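Subject: Structure for you to look at

Dear colleague,

Please find the structure below, with some notes on what turned up when I went through it. I have tried to keep the notes in an order that you can follow with the structure open beside you.

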Amino acid sequence: MILSVRDLRVSFRTNEGLVRAIDGVSFDLEESEILGVVGESGSGKTVSLLAVMGLITDPNAVIDGSIRYKGRELVGLPPRELRRLRGNEIAMIFQDPMTALTPVYTIGWQIAEQIRAHRGVSKAKAMQRVEQLLAEVNFPNPHEAMSRYPHQLSGGMRQRAVIAMALSCDPALLVADEPTTALDVTVQAGILDLVRKLRATHKSAVVFITHDMGVVSELADRVMVMYAGRVVERGTRTELFSDPRHPYTRALLGSIPPLTGDKPRRLPAIPGSPPSLLRLPQGCAFGPRCPVRYEPCEADKPSLGSGAHAAACFREAQA
Amino acid sequence: MIYAILRRFGQMLFVMFGISVIVFLIFFATPGADPAARIAGRNASPEVLTAVRHSFGFDQPLYVQYTRMMEKIFVTGDLTSFVNRGWKVVPAVLDSIPVTLSLVFGAAILWVVVSIVIGIVAAATRDSWLDKLLMALGLLGISMPVYWLGEVMNLITQSRYHDSWAFSWVPPLGYKNFSDDPKGWFLTLVIPWITLAILYIGIYGRVLRAAIIESLQEDYIRTARAKGLSETRILLRHALRTSLIAFVTLFGLDFGALVGGSALLTEVVFGLNGIGKLTYDALQNLDLPMIMATVMYASMFVVIANAVVDFVYILLDPRLRAS
């Protein structure tokens, strides 16, 4: 077990009261497993993983619960200790490669900086490693690319550089926060291939955050669907796609255009919009948009069962 | 790179040429005013007037007048001030350049170093009492007019407390040549440096703090944190480095203006006969040749400072190197 998150809660103090961005999220991650985390914007997928990275710097954030990395508790770990893990054992790939790199330094310099922060190697050694890494992420001319500045590279190339940087210290856990969202479709496919290949060569476990069901179906071993700060369904990829149990998951899958057969005249959409985290309904947060809601949904929040494939829905418990 | 520098140098010359033409036209070709009478000064005899008219070429077309003027400033250097009875203008300007440069360079080093330290400390300890104290002091520094502050400094160091242990080292007002007396040069300039720098420390410290705090919100800072870098390294190598661009812009403008004569108030208060003082006196007497020369000198420094800023930009920001 690489990562074990139990009952994680993240709240932000605001002028309008406490906003609970993450409300009791639990999940496990095995070695070299890819976990897909799916949800709309604001569902808490990014915040929960930033909490794992210890990257929530907002002084108004309150983090509760337990995050164990290889058995070691990360919540409440002194910043210095956390820093030793970050970039070294736990690395992150960000959504927007356009802004994720410091504009005034070369790619090579920035990757070498990370290597040297964690390994006591010479600059020349670090640069050798950088060249190797850039070759690994399919830079056509790695040696030349090292002396390039971020603005001289295309979006896809920058994302490759960010991935090379994340892999520079052979992390056991890689967190990818929508790494393909800002890229063209053709470039996306290349990046997904890359992630798959690197999982095989580096044996890193990957948490892949996305709102794209297509990406999940291609990449993930297991999937976790989030809505309004809670996990609403989890299961293996096959379970989730062949037998979705939560109405939200069903709705998400229903809104993907089919590749074969008749195209629907209009793609089904989920009515309404995600609730404001400041005014969550008392019962199920998906209740107001749910096609199958009934009385119990309004009184209480359904909890996620303990099974490997589980959904947080009263209808599910009933069945 | 060499080509870029040469091109920038060419632009500089062109801008200076433009400035010289405009200044020349304003002072020597204003309709209805006789520049010869101005140059010759009040109560000038008709002979002097004729001599002036002839020597500046006022009886000839404008371009000849302009060429004569530039020749007198840059080639022969024999431009003469009639108001001040035969005072040679160019040597007067050359004499006051080291005074102003000494004053402004020293103050600039002081304000750049101190304000960078203040900006970093304030940004790093954002919203703490230290940050608030530094920013309040900065505001105080900006609010104190330099002529008032200078006089207070003089009152303390030259008169009230001059005999105390703290200020007995302060020499009397005035400028000492560096080559004659380096120690005296330094000691006479310490108080003027501090006085001139205080205003800019306040402005630059606040500007840098704001710029650093803005950079700290950028995505690449989050990347730097995710890399596991120390907070100090993130602040100095990532946030500060990208914040220096605004700082350099401001510095180029202020430095050029100060060297070009804006340090006038400080020069007057501390009895330093620099360019500012020279220009001020020339304006008082409507000493046209002197005005022409000092304006040319000032524009030269503003233009050079701007060119230097452009080069520093290119060093700081690789995005500007492309084209």
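Leaving aside its neighbours within four places in sequence, which residues is V175(A) in contact with? Please keep in mind while looking that this is a predicted model. The residues in contact with V175(A), once those sequence neighbours within four places are set aside, are L49(A), V52(A), M53(A), I90(A), M92(A) and V207(A).

V175(A) also appears in a wider setting, since V175(A), V207(A) and F208(A) are the residues with the most contacts inside the largest nonpolar core, which has 164 residues. Helix α8 of chain B, running over residues 182–216, provides the largest share of this core, namely 14 residues. Domain 1 (2–86) and domain 2 (91–320) of chain B both contribute residues to the core, and therefore it lies between them. As background, nonpolar side chains tend to be buried together in soluble globular proteins.

Turning to chain B as a whole, its secondary structure comes to 13 helices and two strands, and its C-alpha trace spans about 80 × 60 × 35 Å along its principal axes. Of the 323 residues in chain B, 37% count as buried. If you take the contacts in chain B between residues at least 6 apart in sequence, 68% of them join residues at least 24 apart.

The two domains of chain B have C-alpha centres that lie 33 Å apart, and where they meet, 18 residues of domain 1 are in contact with 17 residues of domain 2. On the domain 1 side of this meeting, α1 (2–28), α2 (35–40), α4 (62–75) and β1 (80–81) of chain B each supply at least two residues, with α1(B) giving the most, eight residues. Sorted by class, that side of domain 1 of chain B has 12 nonpolar, four polar and two charged residues.

Finally, it is worth following helix α8(B) to its contact with helix α7 (residues 146–160) of chain B, where the two axes come within 10 Å and cross at roughly 145°, in a right-handed crossing. From α7(B), the residues V146(B), L149(B), G150(B), M153(B) and T157(B) meet I191(B), T195(B), L196(B), I198(B) and L199(B) of α8(B). The residues of this contact between α7(B) and α8(B) divide into seven nonpolar, three polar and no charged.

With best wishes

Key
Residues numbered from 1 in each chain as written. Chains lettered and ligands numbered in written order. Predicted model: local features only at pLDDT ≥ 70, side-chain atom pairs only at ≥ 80, totals over all residues. Domains from an automatic or database assignment. Contact = placed C-beta atoms within 7 Å. Helix = DSSP H or I, 4+ residues; strand = E, 2+ residues; numbered from the N terminus. Nonpolar A, V, L, I, M, F, W, Y, C, P; charged D, E, K, R; others polar. Core = buried A, V, L, I, M, F, W, Y, C linked by C-beta atoms within 7 Å. Buried ≥ 20, exposed ≤ 12 C-beta atoms within 10 Å, placed from the backbone. Axes fitted to C-alpha atoms, helices over the stretch in contact; angles between N-to-C directions. Left-handed = near helix turned anticlockwise from the far one by under 90°.
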